[in-house]
Amino acid sequence: MNKYKLTFTVTIEDLDDPAARQQAKGIAEAISGVVGGAEAKLQQIYTDKPPRGIRMG
């Protein structure tokens, strides 16, 4: 049996980190309600350096 990983990106624009985390948490909870074992990672995107990220749940 082969394993596959489905990846998709949702861009969140908000004023600050807590607000973006709240939106990401809602999306992650909705996805986990449909797909068990799903993982999410929120990354802050910069124009001049690599993304900074945290695991959600």
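**Reading a 57-residue model**

Buried residues, meaning those under 20% relative accessible area with a 1.4 Å probe and protein chains only, make up 9% of the 57 residues in the protein. This is a predicted model, where local features need pLDDT of at least 70, side-chain atom pairs count only at pLDDT 80 or more, and totals for chains, interfaces and linings use all residues. Residues are numbered from 1 along each chain as its sequence is written, and side-chain values use heavy atoms, leaving out hydrogens and water.

Q: What makes up the secondary structure of the protein?
A: One helix and two strands, running α-β-β from the N terminus on. Helices (H or I, at least four residues) and strands (E, at least two) are DSSP runs, numbered from the N terminus.

Q: Why is the protein called more spread out than a compact globule?
A: Its radius of gyration is 13 Å, well over the 10 Å that the globule rule gives for 57 residues, so the label fits. The radius is taken over C-alpha atoms, and the rule is 2.2 Å times the number of residues to the power 0.38.

Q: What makes Asp-17 and Arg-21 a salt bridge?
A: The term asks for a side-chain nitrogen of Lys or Arg within 4 Å of a carboxyl oxygen of Asp or Glu. Here the N to O distance is 2.6 Å, so the pair qualifies. Both residues lie in helix H1 (residues 17–34), four residues apart, about one turn of the helix.

Q: Why is Asp-17 called partly exposed?
A: Its relative accessible area is 31%, and partly exposed lies between the buried limit and exposed, which is over 50%. Arg-21, at 34%, counts as partly exposed too.
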